[in-house]
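Please have a look at the sequence and the fold below. We will walk through them together, one part at a time.

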Amino acid sequence: MTPIASAATALGMSRDTSDSDWRALRAAAFAVLERAYAPYSGFRVGAALKARDGREFAACNVENASYPASMCAERAAIAAAIAAGARDLGAIVIATDAAEPVPPCGICRQVLSELAPTIEVMSCTRGGRESRWTISSLLPHPFTPQSLDHS
Ligand code: ZN
């Protein structure tokens, strides 16, 4: 058992994502990072996710001169999966040029929590550093559809 697998087990992850899946997603995330449109922040992000039906989706961040109109790579990848009819999402890899693994932002945590509550999240660096989380560890108290119930 690799140290990563041990950590995943300790965190209660389902471990339904194989090492080869993680490697493929990492490669896809770094490949799509090259297409990022990030002229304002200069912070390029690639995200690749795998649905449990086997399909993979990848997206990059797309910024805009109207800054709030910018879209994160993670949410763009989820939107692509949802648009393709993939609703059972098993794993997502986030790739950046940062020295340390970067977790998803708060908005992406919220979206992942609702649309992919059992997804495994990995962030990786070019230098080979990796961090893995569950969504519940990243966002332990999410706003949910039930939060809208005011009856
Ligand atoms: Zn985000």
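What follows is a tour from the overall fold to the sheet, the helices and a few single residues.

Please keep in mind that this is a predicted model. The chain has five helices and five strands, and along the sequence they follow the pattern α-α-β-β-α-β-α-β-β-α. With a radius of gyration of 15 Å, close to the 15 Å that the globule rule gives for 151 residues, the chain is as compact as a globular protein of that length. Its C-alpha atoms fill a box of roughly 50 × 45 × 30 Å along the principal axes. Buried residues account for 36% of the 151 residues. Among contacts between residues at least 6 apart in sequence, 62% join residues at least 24 apart.

Let us turn to the sheet. In what order do its five strands lie? The order is β2-β1-β3-β4-β5, in an open sheet with mixed pairing. The edge strands, β2 and β5 (residues 130–134), each pair on one side only. From one strand to the next, the twist averages 15 degrees. As background, strands of a sheet pair through backbone hydrogen bonds, either parallel or antiparallel.

We can now cross the sheet pair by pair, starting at the β2 edge. Strands β1 (residues 45–51) and β2 run antiparallel and are joined by five bridges, with Ala48 standing opposite Ala58 of β2. The two strands form a hairpin with four residues between them, and in its turn Gly54 has a positive phi of about 100 degrees. Although β2 (residues 56–60) is an edge strand, it is mostly covered, with four of its five residues buried.

On the next step, seven bridges join β1 to β3 in an antiparallel arrangement; here Val45 stands opposite Thr96 of β3. Then the direction changes character: β3 and β4 run parallel, joined by five bridges, and Ala91 has Glu120 in β4 as its bridge partner. Between these parallel strands comes a helix, as β3, α4 and β4 make a right-handed β-α-β unit. The last pair, β4 and β5, is antiparallel again with five bridges, and Met122 stands opposite Arg132 in β5.

Where do the helices sit relative to this sheet? Helix α3 packs on the sheet, touching β1, β2 and β3, and its direction makes about 35 degrees with that of β1. Helix α2 lies across β1, β2, β3 and β4, running at about 145 degrees to β1. The buried residues of α3 (residues 73–83) are Ala73, Glu74, Arg75, Ala76, Ala77, Ile78 and Ala81. These buried residues pack against α4 (residues 106–115) as well as β1, β2 and β3. Just after α3, Gly85 takes a positive phi of about 90 degrees.

Next comes the interior. In soluble globular proteins, nonpolar side chains tend to be buried together. Here the largest nonpolar core has 40 residues, and those with the most contacts inside it are Ala29, Ala47, Ala48, Leu49, Ala77 and Val93. The elements giving two or more residues to this core are α2 (residues 19–33), β1, β2, α3, β3, α4 and β4 (residues 120–124).

Strand β3 deserves a closer look. Eight of its eight residues are buried, so β3 is largely enclosed by the rest of the structure. Beyond its sequence neighbours within four places, Val93 is in contact with Trp22, Leu25, Arg26, Ala29, Ala47, Ala48, Met122 and Cys124. Ala95 is found in β3 too, a strand spanning residues 89–96. Why does Ala95 count as buried? It has 31 other C-beta atoms within 10 Å, and a residue is buried if there are 20 or more. Its contacts, again leaving out residues up to four places away, are Arg26, Ala29, Phe30, Leu33, Gly46 and Cys124.

For contrast, finish at Pro117, in the loop between α4 and β4. With 14 other C-beta atoms within 10 Å, Pro117 is partly exposed. The C-alpha atoms of Pro117 and Gly90 are separated by 9.2 Å, although these residues are 27 apart along the chain.

How values were computed
Residues are numbered from 1 along each chain as its sequence is written. This is a predicted model: local features need pLDDT of at least 70, side-chain atom pairs count only at pLDDT 80 or more; totals for chains, interfaces and linings use all residues. A residue is buried if 20 or more other C-beta atoms lie within 10 Å of its own, exposed if 12 or fewer, and partly exposed in between; C-beta atoms are placed from the backbone. Two strands pair if DSSP finds at least two bridges between them. Two residues are in contact if their C-beta atoms, placed from the backbone, lie within 7 Å. A nonpolar core is a set of buried Ala, Val, Leu, Ile, Met, Phe, Trp, Tyr and Cys residues joined through C-beta atoms within 7 Å. Axes are lines fitted to C-alpha atoms, for helices over the stretch in contact, and angles run from 0 to 180 degrees between N-to-C directions. A crossover is right-handed if, with the strands pointing away from the viewer, the path from the first strand over the helix to the second runs clockwise. The radius of gyration is taken over C-alpha atoms; the globule rule is 2.2 Å times the number of residues to the power 0.38.
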